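Here are a few exercises to work through with the model open in your viewer. Try each one before you read its solution.

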Amino acid sequence: MMIEASRVPVDKPLPGRKALIEVLNNAQPWRRPVWFMRQAGRYLPEYQEVRRRAGSFLELCDAPDLACEVTLQPLRRFDLDAAIVFADILLVPRALGCDLSFREGEGPVLSRVVSAEDVGRLSRDGMVGRLGAVYETIGLVKASLAPHVALIGFCGAPWTVASYMIEGGTSGDRPHARRAAHERQPWFDALIELLTETACDYLARQIEAGVDAVQIFDSWAGDLDDGLRQRYCETPIRHIVEGLAARGYGTPVIGFARGIGAAHRGFAEATGIAAISVESSVPVAWMARELAPALPVQGNLDPVAAAIGGPALRRAIEHLVHTMPADRHIFNFGHGVRPDTPPAHVAETLRIIRALDRA
Ligand code: CP3
């Protein structure tokens, strides 16, 4: 069965209507919402400038006025439907007591957690308070956003954050973390449980500070087989979703379990997320047929197409917009914007989407 891409053509934002939130609430949006993972970052010269001024990436995350500024930068250039608070998933392990640094060209470096003693040293007390700069940034951004732009908060999923803590940063295909998962090491289970509770507290505080939706990034979910995915991705994320609901928050949760392919459908059901974000390798017709009837789908333009531009970019956008119904789709990339993406290609992406939706 082919689902016909419905059209939602409106030219001007209606007061107070946020298209992203309308889609997340399964309502008819005033237009197809668009935002991009890593829409703030190194591909923007004005980001590079502020980062130089801050001194480093972490100092930038810790300075709410500068973090607010870089959060807003892409909104000044592009007609987007959401801002995402500028921070990083690894601020949580740092707040738990891990050393964290970002080395030029190397990515993050963390002190490693590989035993019950290491997990025991992590301190949850005061953890949520140590992330105060993030809530302050949210407050500042919130005060300057146009009323039709939603603000997204986020955290890393327990499995993905644990994998960085166990490996001590970015490392090949995460052999130590995967081994600990297969062996169901008790210290590993304790770490996942700690990160689950922490993520719930952290997202609750972001919601209190003013975000309209939250996204949980499980960037390495594709590492795990059925049994481990259920135990270490689906169950913890379901606990986070249920934890927020139990505290009375109706804020929609977007889940991004990158690389799980056909398991997205079961993942959505098992976790109770409001919308699912999908990587670029998932067939768009399958997203429309198998996912969109159940929940809104975010994705999944190949970030490489945006870096290249031209006919490759146009073809990929047309395929998505023509296949995904506008009222069940949040246009995004399948992963973050690449640093080698010319900003003009991002502007072009928005122009093409808006023109197709008006046609
Ligand atoms: O615009 C946005 O999306 C908001 C900010 C944001 C950042 N990181 C800023 C950032 C978000 C949502 C993240 C999430 C994040 N961080 C993830 C999950 C999404 C994904 O990409 O899979 C992960 C795994 C991390 C951990 C992380 N942070 C790594 C591995 C790296 C180094 C690699 C890289 O891209 O440089 C970072 C650094 C980082 N986080 C940068 C930014 C803008 C680059 C820092 C810089 O050099 O200026």
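**Exercise 1.** Work out how much of the protein chain is buried, and whether the chain is compact for its length.

*Solution.* Start with burial: in this predicted model, 60% of the 359 residues of the protein chain count as buried, the cut-off being under 20% relative accessible area. Next, look at the surface: the chain exposes about 14300 Å², and carbon and sulfur atoms supply 51% of that. Then take the fold elements, which come to 16 helices and nine strands. Finally, the radius of gyration is 19 Å, close to the 21 Å that the globule rule gives for 359 residues, so the chain is as compact as a globular protein of that length.

**Exercise 2.** Find the residues that touch the most other members of the largest nonpolar core, and the helix that gives the most to it.

*Solution.* The core has 135 residues, and F188 and L191 touch the most other members. Helix α10, residues 186-209, gives the most, with twelve residues. Now follow F188 outward: leaving aside residues up to four places away in sequence, F188 touches W159, A162, I166, A177, A180, A181 and Y232.

**Exercise 3.** Describe how the ligand is held among its neighbours, starting with how many residues surround it.

*Solution.* Count first: 24 residues surround the ligand, and the closest are R38, R42, Y47, D88 and S219. Then check polar side-chain atoms against ligand oxygens. S219 has one 2.6 Å from a ligand oxygen, H335 has one at 2.8 Å, and for R51 the distance is 3.0 Å. As for cover, the protein hides 89% of the 870 Å² of accessible area that the ligand has on its own.

Definitions and conventions. Residues numbered from 1 in each chain as written. Predicted model: local features only at pLDDT ≥ 70, side-chain atom pairs only at ≥ 80, totals over all residues. Heavy atoms only, no water. Core = buried A, V, L, I, M, F, W, Y, C linked by side-chain atoms within 4.5 Å. Buried < 20%, exposed > 50% of the residue type's maximum accessible area, 1.4 Å probe, protein only. Helix = DSSP H or I, 4+ residues; strand = E, 2+ residues; numbered from the N terminus. Contact = heavy atoms within 4.5 Å. Near = heavy atom within 4 Å. Polar contact = N/O pair within 3.5 Å; in protein donor to acceptor, adjacent residues only side chain to side chain. Areas by Shrake-Rupley, 256 points an atom, 1.4 Å probe, with all protein chains shown as cover. Rg over C-alpha atoms; globule rule 2.2 N^0.38 Å.
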